[in-house]
Amino acid sequence: MNFAHTIISWQKKFGRHDLPWQEELSSYRVWISEIMLQQTQVATVKFYFIRFIQRFPDASSLAKAPLDDVLSLWAGLGYYRRAQHLHTAAQIVHEQYQGEVPTDPTILVTLPGIGQSTAHAIASIAGNLPYAILDANVKRVLARFLGIRDDVEQNSVKSDLFTQAQALMPQDNCRIYTQGMMDLGATVCTKNPTCTICPIQKDCVAQKKHWQLLIPLKKKKKTKPTRLKYYLLAYNEENILLVKRSDQTIWSNLWCLPEFTSEIELNDFIPSAYTGAFYNLTELRHAFTHFHLRLIPVLVDSSVLDFTWPANIHKIPLKSLSDYGLPAPIEKILNSRIIAT
């Protein structure tokens, strides 16, 4: 079997051809989609990609925009540092490459947020160049096809797998082949694969040895710790109190309700002249990569907005709230309390 030819033929017949980033193909659009697709499902990314491209149709428009504008369109996608890296990289592209995203992977990997596989995806899909990718879907396809039962996230195994991926990479039809590998992993060679319709099943080691559910190797999940935080919810008909988070925290550079580690800390933060009540609202839970977060919104009377607050606490007009990048759980709190009322 000619592996690459088989993948290319399959992709033409059965692969995905209606993804929004496949329209008006360019290195910029491929780059944006690849960054969005990291840790995020295609179904979710479609909406965000279309909206993002409408606002920032090219690297120069993205480079010139304020970071807050970029983060406001990213809110809900998670892993917000991706958006910050996009913004910084766009500025470099605008200044050093006349606003044209390169397709040379040796240049691409020097830009913030772009690793080898992402660089190869841009080169292969946008430039039709023979550079193999190794995203999660392709890792799964190759590990099963080659019968690799070691941990594919180990550096040595990943390096060997990259070498194998490059050896299988054709010299032409690179764009179709790369898309085919991603599509095969996303639609056929999934967590619970449909081997009966797989175009490479006859030469797949995992299929022959019934290892499909053993590959990739499943590591034991560590128990995530849980953190409890309290969030001050103070607003009136016109404004709400928000704080812009620092660059070295979760939700870095996003706008958030003031956060506290305890009710006592929150109460002490409120000016002593405040005589109103405190109301603990329904708790929310949010999962991060390394921990779970319990969020308890604490509602106070709108009279607190009349007090003088530290410089980092801002009165944000409710009518312009959509212009601010908000973490998804914070946006959920505000939607339920403010927009619904």
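User: Strand E2 covers residues 239-244; how many of its six residues are buried?

Analyst: Keep in mind that we're looking at a predicted model. Five of the six residues in strand E2 are buried, so the strand is largely enclosed by the rest of the structure.

User: How should I think about side chains along a strand, and which strands pair with E2?

Analyst: Here's the general idea: in a regular strand, side chains alternate between the two faces of the sheet. Now for this case. E2 pairs with strand E8 (residues 313-317) in the antiparallel sense, over five bridges. E2 also pairs with strand E3 (residues 255-256), again antiparallel, over two bridges.

User: Which residues are the bridge partners of Leu241 in E8 and Val243 in E3?

Analyst: Look for Lys315 in E8, which is the bridge partner of Leu241. For Val243, go to E3 and find Cys256.

User: Let's move on to empty space. How many cavities of 30 Å³ or more are there?

Analyst: Rolling a probe the size of a water molecule over the atoms shows where empty space is left. In this structure, there are two cavities of 30 Å³ or more. The largest cavity has about 110 Å³ of space.

User: Which residues are closest to the centre of the largest cavity?

Analyst: They are Arg144, Cys189, Cys195, Cys198 and Cys204, out of 15 residues in the lining. By type, that lining divides into 10 nonpolar, four polar and one charged. Helix H9 (136-146) and helix H12 (205-209) each supply at least two of the lining residues.

User: What about the second largest cavity: which residues line it?

Analyst: About 60 Å³ of space lies in that one. Its lining consists of Ala132, Ile133, Val138, Leu142, Ala165, Met169, Tyr177, Thr178 and Met181. H9 and helix H11 (174-187) are the elements that give two or more residues to this lining, and H11 gives the most, with three. Here the split is eight nonpolar, one polar and no charged.

User: I noticed some cysteines in the largest cavity's lining. How many disulfides does the structure hold?

Analyst: Zero. To count as a disulfide, two cysteine sulfur atoms must lie within 2.5 Å. Cys189 is in no disulfide, and the nearest cysteine sulfur, that of Cys198, is 6.1 Å away. Cys198 is in no disulfide either, with the sulfur of Cys189 as its nearest cysteine sulfur, 6.1 Å away.

User: Are Cys189 and Cys198 buried or exposed?

Analyst: The cut-off for buried is under 20% relative accessible area. Cys189 has 9% relative accessibility, so Cys189 counts as buried. Cys198 is buried too, with a relative accessible area of 13%.

Key. Residues numbered from 1 in each chain as written. Predicted model: local features only at pLDDT ≥ 70, side-chain atom pairs only at ≥ 80, totals over all residues. Heavy atoms only, no water. Buried < 20%, exposed > 50% of the residue type's maximum accessible area, 1.4 Å probe, protein only. 1 Å grid on protein atoms, 1.4 Å probe; cavity = no way out; pocket = protein on both sides within 12 Å on 5 of 7 lines; lining within 4 Å. Points joined across faces, edges and corners; volume = space filled by probe spheres on them. Helix = DSSP H or I, 4+ residues; strand = E, 2+ residues; numbered from the N terminus. Nonpolar A, V, L, I, M, F, W, Y, C, P; charged D, E, K, R; others polar. Pairing = 2+ DSSP bridges.
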